[in-house]
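Here are a few friendly notes to read alongside the model. Keep the structure open and find each element as you go.

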Amino acid sequence: MERSDFKKGQTVWLFLTERRAQKGDTLEDRIKEYEVVSVGNKYITVRPKGMDYKGAEVKFSIERDFEQVTKGDPTYVLYLSKDDILKKNRRTEMQRIIRKAIVLDGMITLYKMSNDDLEQIAGICKKYL
């Protein structure tokens with residue numbers, strides 16, 4: 001993302017961080033629709049769509065890769081679209097599955113795989129080694 005991607009009045013999406021999410025929160029529960037209030041040289045300021053309460057505003061630092069400006073742990077991650085959140089979440093989930101199956105499972109999963117499955121996985125891995 002870049003500063004030029006944001007305009008006042010634009011809809012953006014915030015994703016509630018893992019540390020701030022409540023037990024039982026679904027992916028949809030963690031996605032919030034916000035509106036850009038201002039685009040400055042240092043900060044992007046947003047607030048819940050349709051709300052005029054200044055206390056509900058959240059700032060993100062342009063200089064610090066759009067990290068939430070806060071004294072404690074960040075509560076939200078800023079995204080330009082809801083689809084970006086869903087794609088990122090899907091990628092994270094796929095990485096978790098692969099890590100669990102191949103790394104954390106003590107290689108047991110690899111021994112269970114057919115030769116065809118191993119060939120496909122090996123071919124994919126070769127591209128990145």
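1. Start with strand β3, residues 43–48, which is joined to β4 by four bridges. The two strands run antiparallel. To see one of these pairings, look for tyrosine 43: its bridge partner in β4 is serine 61. Please keep in mind that this is a predicted model.

2. Now zoom out to the whole sheet. Six strands make up an open sheet, and their order is β5-β4-β3-β2-β1-β6. The pairing is antiparallel. As general background, strands of a sheet pair through backbone hydrogen bonds.

3. Which strands are the edge strands? They are β5 and β6 (76–79), and each of them pairs on one side only.

4. Next, find helix α1, residues 82–104. This helix lies across β1 (11–16), β2 (31–39) and β6. Relative to β1, helix α1 runs at about 30°.

5. Go back to β4 (58–61) and follow the chain into the loop that leads to β5 (67–68), where you will meet aspartate 65. Its phi is near 55°, a positive value in a residue other than glycine. Phenylalanine 66 is found in the loop between β4 and β5 too, and has a positive phi of about 60°, although it is not a glycine either.

6. Are these two loop residues buried or exposed? Aspartate 65 counts as exposed because its relative accessibility is 65%, and exposed means over 50%. Phenylalanine 66 has a relative accessible area of 6%, so it is buried, the cut-off for buried being under 20%.

Notes: Residues numbered from 1 in each chain as written. Predicted model: local features only at pLDDT ≥ 70, side-chain atom pairs only at ≥ 80, totals over all residues. Heavy atoms only, no water. Buried < 20%, exposed > 50% of the residue type's maximum accessible area, 1.4 Å probe, protein only. Pairing = 2+ DSSP bridges. Contact = heavy atoms within 4.5 Å. Axes fitted to C-alpha atoms, helices over the stretch in contact; angles between N-to-C directions.
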